[in-house]
Amino acid sequence: MIRDFIMKLLLVILLTFSLFASGENIKKDAYAEKPPKAKKTVSLVLGSGGARGYAHIGVIEILEKKGYEIKSISGSSIGALIGGLYTAGKLEEYKKWILNLDTFEVLKLIKFSFDSGGMIDAEKVYAKIGEIIGDVKIEDLPIPYTAVASDVKNRKKVWFQKGKLIDAIRASIAIPTIFTPIVKDKMLLVDGGVLSPLPLEPVASDTTDMTIVVNLNTNVHNRYKVKMPKEHKEQQNELYSEVLKYYNEASKIIGTDTPKKKEIDIFYVLSQTLDATQSIISEHDIAKYQPDIIIDIPRESCESYEFNKAYMMIEIGKMATRESLTSKGKE
């Protein structure tokens, strides 16, 4: 139904909007992590996968608590976003915000547009992101960072390794048909996950001790059980309810025609198409570059548009990281 489609669409944009930092305190991880005897340096590859990318936050937290030193980051789509926030020292602020999200502040910046290559004109959002990140250049970050975007006009991957960090993130998270694509130097840039969902190539020549990749498109059963605190359950439900309030306004723009089956709408088809494509490309790149450790996040853990499930995905990221390190004897 169009109602479900609108709700899914609005949830998608929460990823970008939720960059407005707040100073509220959050719980410390209850687990006491023991660092390895010898500090290991890591090249970290953060894959694309929409809302499942919240798991990247949990991954980074556990790696740091275990004493691993992240020496470089390569990210695609949400991986570029989380990696960029981490290298710029903004990840903790981002986490605090998404776990205490003010939906009204987010949704008041919504602007639907159908004349610029995407359903959402995110100019106001990008401006806010720029205010938070500041005029930071990639070459001035403390560690090497690569954001990957897809040039669909020239059929090639584009690496951002210099220039403004905000511009790199903006290009890498431009989900096709949802966010307005970026036109730059005769290129049409969209989400990095279209052509490079798991960007291993940029770190292939690194001299770190190991390469760790976080794959958000793994076709395995989700065996991770997360017990959500009451306050986070309420926040998740409130977020979804607030999105519903904007249904009437959004439906006037998108229209009222509905598919016969509510689960098969435009957004569902787009989400499944991207997930399938990204999974195949990721498998190919893993076989080619053979990273030392693969942290698998089950595709079924949440849909790519379910950005209201931040707490759950962060916790799954932590669990999956502990499990992967243990299985490889890297605890």
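Let me start with one term: buried means under 20% relative accessible area. Keep that cut-off in mind. And one caution: this is a predicted model.

Now to strand E4. E4 covers residues 145-151. How many of its residues are buried? 7 of 7. In a regular strand, side chains alternate between the two faces of the sheet. So look at each face of E4 in turn. On one side sit Tyr 145, Ala 147, Ala 149 and Asp 151. On the other sit Thr 146, Val 148 and Ser 150. Both faces are covered.

Who are the partners of E4? Start with strand E2, residues 69-76. E2 and E4 run parallel, joined by 4 bridges. Gly 75 has Ala 147 of E4 as its bridge partner.

Next is strand E5, residues 156-160. Here the pairing is antiparallel, over 5 bridges. Ala 147 turns up again, opposite Phe 160 of E5. E4 and E5 form a hairpin with 4 residues between the strands. Within that hairpin, Arg 155 takes a positive phi near 55 degrees.

Then comes strand E8, residues 187-190. E8 runs antiparallel to E4, with 2 bridges between them. Asp 151 has Leu 189 of E8 as its bridge partner.

On to helix H3. H3 spans residues 78-87. I picked two residues from it. Take Ala 80, which lies in H3. Is Ala 80 buried or exposed? Buried, because its relative accessible area is 0%. What does Ala 80 touch, leaving aside neighbours within four places in sequence? The answer is Gly 75, Tyr 145, Ala 147, Ile 169 and Ser 172. We have just met Gly 75 and Ala 147 as bridge partners. There is also a long step along the chain here. The C-alpha atoms of Ala 80 and Gly 192 are separated by 8.6 Å, with their positions 112 residues apart in sequence.

The other pick is Thr 87, also in H3. Thr 87 counts as buried because its relative accessibility is 6%. A polar atom of its side chain lies 3.0 Å from the backbone oxygen of Gly 84. Beyond its neighbours within four places in sequence, Thr 87 contacts Ile 73, Leu 141, Pro 142, Ile 143 and Tyr 145. Tyr 145 is also on the contact list of Ala 80.

Now helix H7, residues 165-172. Because 6 of its 8 residues are buried, H7 is largely enclosed by the rest of the structure. The buried ones are Leu 165, Ile 166, Ala 168, Ile 169, Ala 171 and Ser 172. Ile 169 and Ser 172 are the two that contact Ala 80.

Let's turn to the nonpolar cores. In soluble globular proteins, nonpolar side chains tend to be buried together. The largest core in this model has 69 residues. Which residues have the most contacts inside it? They are Leu 44, Tyr 54, Tyr 94, Ile 98, Tyr 145, Phe 160 and Ile 297. Helix H11 gives the most to this core, with 8 residues. Another core lies apart from it, with 6 residues. Among them are Val 45, Leu 200, Val 203 and Ile 286.

Next, aromatics. How many aromatic pairs are there? The count is 1. The pair is Tyr 54 with Phe 307, edge-to-face. Their centres are 6.0 Å apart, with 90 degrees between the planes. The pair links distant parts of the chain, 253 residues apart. Tyr 54 is in the loop between strand E1 (41-46) and helix H2 (55-65). Phe 307 is in the loop between strand E10 (293-298) and helix H11 (310-327). Tyr 54 counts as buried because its relative accessibility is 1%. Phe 307 is buried too, at 2%.

Last, two backbone oddities. Asp 185 is not a glycine, yet its phi is positive, about 50 degrees. Asp 185 sits in the loop between strand E7 (182-184) and E8. With a relative accessible area of 63%, Asp 185 is exposed. Gln 290 also has a positive phi, near 45 degrees. Its place is the loop between helix H10 (266-289) and E10. Gln 290 counts as exposed, at 61% relative accessibility.

Notes: Residues are numbered from 1 along each chain as its sequence is written. This is a predicted model: local features need pLDDT of at least 70, side-chain atom pairs count only at pLDDT 80 or more; totals for chains, interfaces and linings use all residues. Side-chain values use heavy atoms; hydrogens and water are left out. Rings of Phe, Tyr and Trp (its six-membered ring) pair if their centres lie within 6.5 Å; planes under 30 degrees apart count as stacked, over 60 as edge-to-face and the rest as tilted. Buried means under 20% relative accessible area, exposed over 50%, partly exposed in between (1.4 Å probe, protein chains only). Two strands pair if DSSP finds at least two bridges between them. A nonpolar core is a set of buried Ala, Val, Leu, Ile, Met, Phe, Trp, Tyr and Cys residues joined through side-chain atoms within 4.5 Å. Contact means heavy atoms within 4.5 Å. A polar contact is a pair of N or O atoms within 3.5 Å; within protein, one must be able to donate a hydrogen and the other to accept it, and residues adjacent in sequence count only if both atoms are side-chain atoms.
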